[in-house]
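I set out to record two things about this model: how its helices pack and what lines its pocket. My entries follow the order in which I looked them up.

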Amino acid sequence: MDPTGVDGDSAAARGSGGGGGGGTGAGRWAVGAVCGGLVYYHCAVRRASAVSLAADVLLVLLCSLSILGLLFRHLHISVPVDPLEWQISQEMANSIVASLANTVGAAESVLRVAATGHDKKLFFKVVSTLYFLAALGRVVSGAAVAYAGNNTAS
């Protein structure tokens, strides 16, 4: 491949090096090192799970964005999207709650049919799914699954 640009000048003469600009390579490396160190500390030193790490990251981002929103509002800086002014209509709220109620009702009816034992195929599907979730919870170190595992062992 030819190292010259379209108009014949070289990449070095244009000033666009491989790093994407002045200092961005070092900045990306520093951010990557800090993030990697925090992930290592959280997972290896504290022995916390990846789910706990993700929850902590989301919590920090949410708190940071809310503090920035309050600060911008206090300083009268207009933000294109102000999360403090987000509103949903009554119809949308009713739709969300109705969808959630339908999902819970459907899950309840499936579990009720599976618990009666009339449909063996559904029963084994539910049991295998619950067993898979229990195994996944043991790997992720979930408190509820560990509690259930301790009760079944005794």
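The entries below cover a helix pair and then a pocket.

Entry 1, status of the model. I note at the outset that this is a predicted model.

Entry 2, helix packing. I looked up helix α2, residues 24-45, against helix α3, residues 50-74. I found that the two pack at an angle of about 135°, and that their axes lie 9 Å apart. Since angles over 145 would count as roughly antiparallel, I recorded α2 as oblique to α3 because of that angle. For the handedness, I noted that α2 passes α3 in a right-handed crossing.

Entry 3, contact residues. I then asked which residues make the contact between α2 and α3. From α2 I listed V39, H42 and C43, and from α3 I listed S52, L53 and D56. Sorted by class, I have three nonpolar residues, two polar ones and one charged residue in this contact.

Entry 4, the largest pocket. I turned to the largest pocket and noted about 260 Å³ of space in it. Its lining, as I listed it, consists of C35, L38, V39, Y41, H42, R46, L53, D56, V57, V60, L61 and S64.

Entry 5, origin of the lining. I asked which element gives the largest share of this lining. I found that α3 does, with six residues. I also noted that α2 and α3 each supply at least two residues of the lining.

Entry 6, character of the lining. By class, I recorded eight nonpolar, two polar and two charged residues around the largest pocket.

Terms used: Residues are numbered from 1 along each chain as its sequence is written. This is a predicted model: local features need pLDDT of at least 70, side-chain atom pairs count only at pLDDT 80 or more; totals for chains, interfaces and linings use all residues. Side-chain values use heavy atoms; hydrogens and water are left out. Axes are lines fitted to C-alpha atoms, for helices over the stretch in contact, and angles run from 0 to 180 degrees between N-to-C directions. Helices (H or I, at least four residues) and strands (E, at least two) are DSSP runs, numbered from the N terminus. Angles under 35 degrees count as roughly parallel, over 145 as roughly antiparallel, 65 to 115 as roughly perpendicular and the rest as oblique. A crossing is left-handed if the near helix is turned anticlockwise from the far one by less than a right angle, and right-handed if clockwise. Contact means heavy atoms within 4.5 Å. Ala, Val, Leu, Ile, Met, Phe, Trp, Tyr, Cys and Pro count as nonpolar, Asp, Glu, Lys and Arg as charged, and the others, Gly among them, as polar. On a 1 Å grid over the protein atoms alone, a cavity is a set of points where a 1.4 Å probe fits but cannot get out, and a pocket is an open set with protein on both sides within 12 Å along at least five of seven lines; lining residues have an atom within 4 Å of a point. Grid points are joined across faces, edges and corners, and a volume is the space filled by probe spheres set on the points.
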